[in-house]
Amino acid sequence: MSLSTFIKKMRDITRLDQGINGDAQRIEQLTWMLFLKIYDDKEYDWEAMDEDYESIIPEECRWRNWADTVNGTALKGDELIRFVDGTLLPTLKDLPIPANCPRRKSIVKTVFTDIHNFMKDGVLLRQLISEINECDFNDPKEAHAFGAIYETILKLLQSAGSSGEFYTPRALTDFMARHVGLKIGDKVADFACGTGGFLNSARGWLTPQARTIAQRNILSQSFYGVEKKPLPYLLCVTNLLLNGVDEPLITYGNSLTKSTGDYTEADKFDVILMNPPYGGSEQVIIQQNFPSNMRSAETADLFLILIMARLKATGRAAVVIPDGFLFGGGNKAEIKRELLRNFNLHTVVRLPTSVFSPYTSIATNVLFFDGTGPTQETWFYRVDMPEGYKHFSKTKPMMLEHLADLDAWWNDRQPIEQNGADKARKYTAEELEALQFNFDLCGFPQEEEEILPPAELIARYQAERAKHEKVMDDALAKILAMIGGQA
């Protein structure tokens, strides 16, 4: 099926339903239905591989038994709406979870905890089901198509103003996953995983390394995430399932609610990839879960402390962090002191301000560090806008090729100076401490404001005003000529 045709049909159908108001609800409706279809297709695989397999979903609620439009046994009209609202969703939300239940089963209940059916028209709902049934997600080609559908859903979410905080450009997630030394057996975590961009990039990098059945089984249980919002959580689980991660270890909740002092070695990870939420303000009760000298109301600061608490001694991390962290003092300086003294902060990548445009203009950076020992030296590298670009945007996002120069520099690090300013340079830990942990280094050149004498400033202003007035007078004259000179 053509991706553009599929998406258009989905939107056309749901736009006719009076119960759906806007893209955010349309996307939630489509996503939970896709999840059930994908899960049902996966269950056919699991049944083929294990003759004793039993679904956790009651028979009447399995997609094949109420939504089979291919064989004509799907429910219709008002009966369909009554079933979905009165039986299906309540049943899935209250599924009994037996002890030692496999994650691939128990996750069904968690996924539907805060999911809703917005559609009110049973005829339209059946049409939507029929279109979804055109996809066979056990077919690798269809599975690949969902990857594109998934990307489209993310873009629709952004347009709906619902996901700027948890969406990271694919080019950046792929680059970060590429440069943390991922290998089979690594446990990979994202404590604010959103729609799972980082976990999926890590999966994409590791999959070619999994050449045996044993390695593929290990890979399937290598990804751990936490997300506190229901829709991105559902998207994350769905995408991982579809891409062969049969045990998606994704938790629905808030990573910051547990004291960092309570984590043991068993709670630590080999690799942490994250773009923590930033700009948020956490309550005092949350801040109390963190060491007193580093406590902060800023969400990103707390996540960085959490990452340091949950990274193995041999672990590696890549974390997106806002500019304010680099030059901030106080508790931010204490966090940076901790980072340098107990971790090897080997690279700081400065990103252009428009990487997350148009959803935020906050400048960001990527910290690469590991647990091999205290920092000896840190390289700073500035990623400039590619030639021909003034800024990135929704229609012209950052692409992996825009990071090619950084990629080439990574394994052959040399200082770089451009126009009298540092683009790449290394600093020792002692130098950074002497700077009072101000990491605002190798930044973007600032345009200096030209200060003119008052008389010259007035003359320039008058000249600019005269120029604009002439343009306006010319335009007005043309308009008057077109309407026959009538004012």
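Which residue of β10 does Q418 stand opposite? In the predicted model described here, Q418 stands opposite A421, and this pairing belongs to an antiparallel association of β9 and β10 over three bridges. Residues are numbered from 1 along each chain as its sequence is written, and side-chain values use heavy atoms, without hydrogens or water. Because the model is predicted, local features require pLDDT of at least 70 and side-chain atom pairs count only at pLDDT 80 or more, whereas totals for chains, interfaces and linings use all residues.

The secondary structure of the protein comprises 18 helices and ten strands, taken as DSSP runs numbered from the N terminus (helices, H or I, at least four residues; strands, E, at least two). Of the 487 residues, 49% are buried, where buried denotes under 20% relative accessible area, exposed over 50% and partly exposed the range in between, for a 1.4 Å probe and protein chains only. Among contacts (heavy atoms within 4.5 Å) with a separation of 6 or more, 76% join residues 24 or more positions apart.

The ten strands form an open sheet with mixed pairing, in the order β3-β2-β1-β4-β5-β7-β6-β8-β10-β9; two strands are paired if DSSP finds at least two bridges between them. The edges are occupied by β3 (249-252) and β9 (416-418), each with a single partner strand, so one side of each has no neighbour in the sheet. From one strand to the next, the twist averages 15 degrees. Axes are lines fitted to C-alpha atoms, for helices over the stretch in contact, and angles are taken between N-to-C directions on a scale from 0 to 180 degrees.

Towards the β9 edge, the pairing can be followed residue by residue. Strands β8 (residues 377-382) and β10 (residues 421-428) run antiparallel and are joined by five bridges. E377 stands opposite T428 in β10, and F380 stands opposite R425 in β10. The hairpin of β9 and β10 has two residues between the strands, and within this hairpin N419 adopts a positive phi near 50 degrees.

Several helices are associated with the sheet. Helix α9 (197-206) lies across β1 (188-190), β2 (223-227), β3, β4 and β5, and runs at about 170 degrees to β2. Helix α13 (residues 299-309) lies across β4, β5 and β7, with an angle of about 165 degrees to β5. In helix α8 (residues 170-178), the buried residues are A171, L172, T173, F175, M176 and A177. The elements covering these residues include α9, the strands β4 (269-274), β5 (311-322) and β7 (364-370), and helix α16 (404-410).

Helix α11 takes part in two helix-helix contacts. The axes of α2 (residues 23-49) and α11 come within 10 Å and cross at roughly 30 degrees, which makes α2 roughly parallel to α11. Angles under 35 degrees count as roughly parallel, over 145 as roughly antiparallel, 65 to 115 as roughly perpendicular and the rest as oblique. The crossing of α2 and α11 is left-handed, a term for a near helix turned anticlockwise from the far one by less than a right angle, with clockwise being right-handed. On the α2 side the contact is made by A24, I27, E28, T31, W32, F35, I38, Y39, K42 and W46, and these meet L231, L234, L235, V237, T238, L241 and L242 in α11. By class, this contact contains 13 nonpolar, two polar and two charged residues, with Ala, Val, Leu, Ile, Met, Phe, Trp, Tyr, Cys and Pro counted as nonpolar, Asp, Glu, Lys and Arg as charged, and the others, Gly among them, as polar. An α-helix has 3.6 residues a turn, so residues three or four places apart point the same way.

The second contact involves α5 (residues 103-111) and α11 (residues 230-242), whose axes come within 11 Å and cross at roughly 155 degrees. The two helices are therefore roughly antiparallel, and the crossing of α5 and α11 is left-handed. R103, I107, T110 and V111 in α5 meet Y233, L234 and V237 in α11; these residues divide into five nonpolar, one polar and one charged.

Positive phi values also occur in the loop between α17 (429-434) and α18 (454-482), where Q436 is located. Q436, although not a glycine, has a phi of about 60 degrees and is exposed, with a relative accessible area of 66%. C442 is placed in the loop between α17 and α18 and has a positive phi near 55 degrees, but C442 counts as buried at 7% relative accessibility.
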